[in-house]
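User: Hi! Could you walk me through this model? I'd like to look at its empty spaces and then its core.

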Amino acid sequence: MRRVVAFFLFSLVGLAEANAQTPFYQGKTITIIVSTKAGDVYDLYPRLVAEFMPKHIPGSPNIIIQNVPGAAGLIGTNQIYNVAKPDGLTFGATYPALYFEQLVKRPEVKFDWTKFIWIGSTINSNSLMYMRADTPYKAIEDVRTASTPPKCGATGVTSSAYYMPKLLEEAFGTKFDVVSGYVAGQDIDLAVERGEVQCRAFTINAFFAREPFITWRKKNFVNVLYQTGNKRDERLKNVPLFNELMDKYKTSEETRQLAKVVLASDEFGRPLVFPPGVPADRVKIIRDAFNKTINDPALLAEAKRRQLDIDPATGEQLDALAKEVMKATPEIVEKVKTLIGK
């Protein structure tokens, strides 16, 4: 009898040791919820990460993409926060400016920006505005003095396509007619080709990453009116910086503070997030894997081939930024409300 008990105990110890040595992610599948439709640049980056990340996760799990588009990323982001199990097997690719919605206390917001667990971001997403070249709006000054404002397409109020024209109005005295409600950026670009709208504000890396912009640039179909960021992009040498335009038009200090809060979305870039409650050890595994993935020479070579810029931020950096933007003063929050509509 003692031999039987000893054998049983020995078996349990062996099984426990085997389980302890088996990586959590081995044999499992990770799902990345992407808050836009397939083919959008916000979709291209998580797909790139999904190709190279498994080999950097102990256990080499499968990674699949689930697209949940709508409301400029709000639908997918609410799903990440509220529906995804906090087991480390689901994380999300969200839009970088959704904190606006929380700042102004929109009832549709079902998340707390500061409670997401930030994994990292693939790229700092400085933005620009393109304008059809066959319009009379060749520069910001032309928009300021136009009798008829140009029409810019947008998805929702937390897409740069919406809030950047509004910020330009606040900072420079321009006027835009923003037409929102498009499902994704590709739909806006088609509308521009059809002549329904003339302009769109979005990220610099998207402008250089895919069609139709590659062909548009060759055919001089559009002009670029400004670029955000502290340093001029070498591909946009003759395009003024947003900060330079604020100096030119003597933008008030209050509006400059508003711009600081709004343009923090550039620093969030293309963020990947866990819902709250994921165990710390699994967070560390995925953060470490992301950091290795984004510096993987094979990924960097493939990103270059696909014309996808890489300028990463860590989860810790994004966590600090999230806490900072949510400390905006009541005065700035009121300005944000005006910017995106109450």
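**Cavities, pockets and core**

Analyst: Happy to! This is a predicted model. Starting with the second largest cavity, its lining divides into six nonpolar residues, two polar and one charged.

User: Which residues line that second largest cavity?

Analyst: They are Y42, Y45, P46, A93, T94, T122, R270, P271 and L272. The space inside is about 50 Å³.

User: And which elements give two or more residues to that lining?

Analyst: Those are α2 and β10, the latter covering residues 271–274. The largest share, three residues, comes from α2.

User: How many cavities of 30 Å³ or more does a search of the whole structure find?

Analyst: Three. The largest cavity holds about 220 Å³ of space. It is lined by 22 residues, and the closest to its centre are Y42, Y95, S160, R200 and F202.

User: What elements give two or more residues to the lining there?

Analyst: α2 (41–52), α6, α7 (185–194) and β8 do. β8 makes the largest share, with four residues. Y42 is worth a look, since this residue is among those closest to the centre of the largest cavity and is also in the lining of the second largest cavity.

User: Nice. What classes of residue are in the lining of the largest cavity?

Analyst: There are 12 nonpolar, six polar and four charged residues.

User: Switching to pockets. How much space lies in the largest pocket?

Analyst: About 580 Å³. Of its 23 lining residues, A259, K260, V261, A264 and E267 are the closest to the centre.

User: Which element gives the largest share of that lining?

Analyst: α11, with nine residues. The elements giving two or more residues are α10 (242–248), α11 (253–268) and α14 (315–325). By class, this lining divides into nine nonpolar, eight polar and six charged residues.

User: And what volume does the second largest pocket have?

Analyst: About 330 Å³. It has 15 lining residues, and I123, I204, D233, R235 and D309 lie nearest its centre. The classes in this lining are three nonpolar, five polar and seven charged.

User: OK, on to the core. How many residues are in the largest nonpolar core?

Analyst: It has 113 residues, and W113, Y226 and F242 are those with the most contacts inside it. Helix α6, residues 160–172, gives the most to this core, namely eight residues.

User: What is F242 in contact with, leaving aside its neighbours within four places in sequence?

Analyst: The list is M164, L167, L168, A171, F172, Y226, Q227, T228, A259 and L263. One of these, Y226, is itself among the residues with the most contacts inside the core. Another, A259, is among the residues closest to the centre of the largest pocket.

User: How many disulfides does the structure hold?

Analyst: One. C152 is joined to C199, with 2.0 Å from S to S.

User: Why is that disulfide left-handed?

Analyst: The torsion about the S-S bond of C152 and C199 is about -115 degrees, so the disulfide is left-handed. C152 sits in strand β6 (residues 151–153) and C199 in strand β8 (residues 199–203), so the bond ties together parts that are 47 residues apart in sequence.

User: Are those two cysteines buried or exposed?

Analyst: Both C152 and C199 are buried.

User: You mentioned α7 earlier. How many of its residues are buried?

Analyst: Seven of its 10, so to speak a mostly covered helix. The buried ones are G185, Q186, D187, I188, D189, A191 and V192.

User: What covers the buried residues of α7?

Analyst: The cover includes β5 (127–132), β6, α6, β8 and α9 (213–218). Just after α7, G195 has a positive phi of about 85 degrees.

User: Last one: L74. Which helix does L74 lie in, and is it buried or exposed?

Analyst: L74 is in helix α3, residues 74–82. At 7% relative accessibility L74 counts as buried, because the cut-off is under 20%.

User: And what is L74 in contact with, leaving aside neighbours within four places in sequence?

Analyst: L98, E101, E108, V109 and F111. As for F116, L74 is 42 residues from F116 in sequence and 14 Å from F116 in space, C-alpha to C-alpha.

Definitions and conventions. Residues are numbered from 1 along each chain as its sequence is written. This is a predicted model: local features need pLDDT of at least 70, side-chain atom pairs count only at pLDDT 80 or more; totals for chains, interfaces and linings use all residues. Side-chain values use heavy atoms; hydrogens and water are left out. A nonpolar core is a set of buried Ala, Val, Leu, Ile, Met, Phe, Trp, Tyr and Cys residues joined through side-chain atoms within 4.5 Å. Buried means under 20% relative accessible area, exposed over 50%, partly exposed in between (1.4 Å probe, protein chains only). Contact means heavy atoms within 4.5 Å. A disulfide is a pair of cysteine sulfur atoms within 2.5 Å. On a 1 Å grid over the protein atoms alone, a cavity is a set of points where a 1.4 Å probe fits but cannot get out, and a pocket is an open set with protein on both sides within 12 Å along at least five of seven lines; lining residues have an atom within 4 Å of a point. Grid points are joined across faces, edges and corners, and a volume is the space filled by probe spheres set on the points. Ala, Val, Leu, Ile, Met, Phe, Trp, Tyr, Cys and Pro count as nonpolar, Asp, Glu, Lys and Arg as charged, and the others, Gly among them, as polar.
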